[in-house]
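Hello,

Here is the structure I promised to pass on to you. Please have a look at it first, and then read my notes below.

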Amino acid sequence: MPTLSELIALRTLVQGRRGARRGHHGVQGHALSSLRGRGMEYAESREYAHGDDARHIDWRLTARSGRTHTKLFQAERERLSLIVADTAPGLYFGTRVRFKSVQAARAGALAAWLAVRDGDRIAALRGSPRDAPVAPASGPRGALRVLDALVRWYARPPEDDAGLAMALDQARRLLRPGSRIVVLADPASIGAIPPQTWPALAMHHELVVLLLTDPLERQPPAARLPFASGDGQRTELGLDAAVTRQRWREEFAVPVETTLALLRSRGARAMELSSADASDAWLPLLERPRMATGK
């Protein structure tokens, strides 16, 4: 299981990396703008003046003071970095280095420390009808709240996991144009998501999808291996036979490759992150040009 101390220590992997170049082109350009979102962060209220937008009247203050007041808004200067954590049962498994769930927690922690470095607000959520999202917050305090949630979510399979689809639905309600969204997913979970979900997210946000895998799923040893079924029964699979290895590949490797191609064609920055990989192996994704969205 992941520990808070190891997730905190990952901050050193982010320090010293060059941050995103900032410019004045907004979310459509190659550089990130220092002004993000739609400029609708509430700043203060003042007395209404001729020409002010009547839609922004502060009715509560108007009622209290007896004089008409209007709300003033300022451009939002902090981007939102949202971590979407898949907590499917298939993630709580691993044969080398660490469990896939631990790798997911570590990748999420790196995303949180990147947000601190870039001056973003940080939030996180998972598909759950009971577990509320970690509310957006800035700085190390915001990162620590997210890290604490990742430790809890990836310590063991949650009993109330409602799937990645619910998590993405919750994410859409939190996101604003120009946000960064990092999705930590079991490849099998992607199949339940309508394909049109991804271009809709990638059009307005920087979308990163990490598919968590294990080396056994990609390259099983050419041997007879014992497996335990869900009902406690044990069976032996002859992976030393070519036909069995081909079926294994069709069951595990081919779906990952197909899913990666789908995500990239829909505008996502996507890659496979094995449990045996360095946890920061995905960071170069953020330095690559954005892929064109497919039809």
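A good place to start is Arg 121, whose bridge partner in strand 7 is Ser 138. Before going further, please note that this is a predicted model, in which local features need pLDDT of at least 70 and side-chain atom pairs count only at pLDDT 80 or more, while totals for chains, interfaces and linings use all residues. Residues are numbered from 1 along each chain as its sequence is written, and side-chain values use heavy atoms, with hydrogens and water left out.

Strand 6 and strand 7 run antiparallel and are joined by 3 bridges. (Two strands pair if DSSP finds at least two bridges between them; strands are DSSP runs of E with at least two residues, helices are runs of H or I with at least four, and both are numbered from the N terminus.) Arg 121 is also the bridge partner of Leu 80, and strand 5 and strand 6 pair in the parallel sense over 6 bridges.

Strand 6 is mostly covered, with 6 of its 6 residues buried, where buried means under 20% relative accessible area, exposed over 50% and partly exposed in between, using a 1.4 Å probe and protein chains only. Arg 121, Ala 123 and Leu 125 point one way from the strand, and Ile 122, Ala 124 and Arg 126 point the other way.

Now for the whole sheet. It is open, with 6 strands in the order 7-6-5-8-9-12 and mixed pairing. Strand 7 (134-138) and strand 12 (269-274) stand at the edges with a single partner strand each, so one side of each has no neighbour in the sheet. From one strand to the next, the twist averages 15°, with axes fitted as lines to C-alpha atoms (for helices over the stretch in contact) and angles running from 0 to 180 degrees between N-to-C directions.

Strand 8 (residues 180-185) and strand 9 (residues 206-213) pair in the parallel sense over 6 bridges. Helix 4 (residues 100-118) packs on the sheet and touches strand 5, strand 6, strand 8, strand 9 and strand 12, contact meaning heavy atoms within 4.5 Å.

Finally, the structure holds 1 aromatic pair. Tyr 92 and Tyr 154 form this tilted pair, at 6.2 Å centre to centre and 35° between the planes. (Rings of Phe, Tyr and Trp, the last by its six-membered ring, pair if their centres lie within 6.5 Å; planes under 30 degrees apart count as stacked, over 60 as edge-to-face and the rest as tilted.)

Enjoy exploring!
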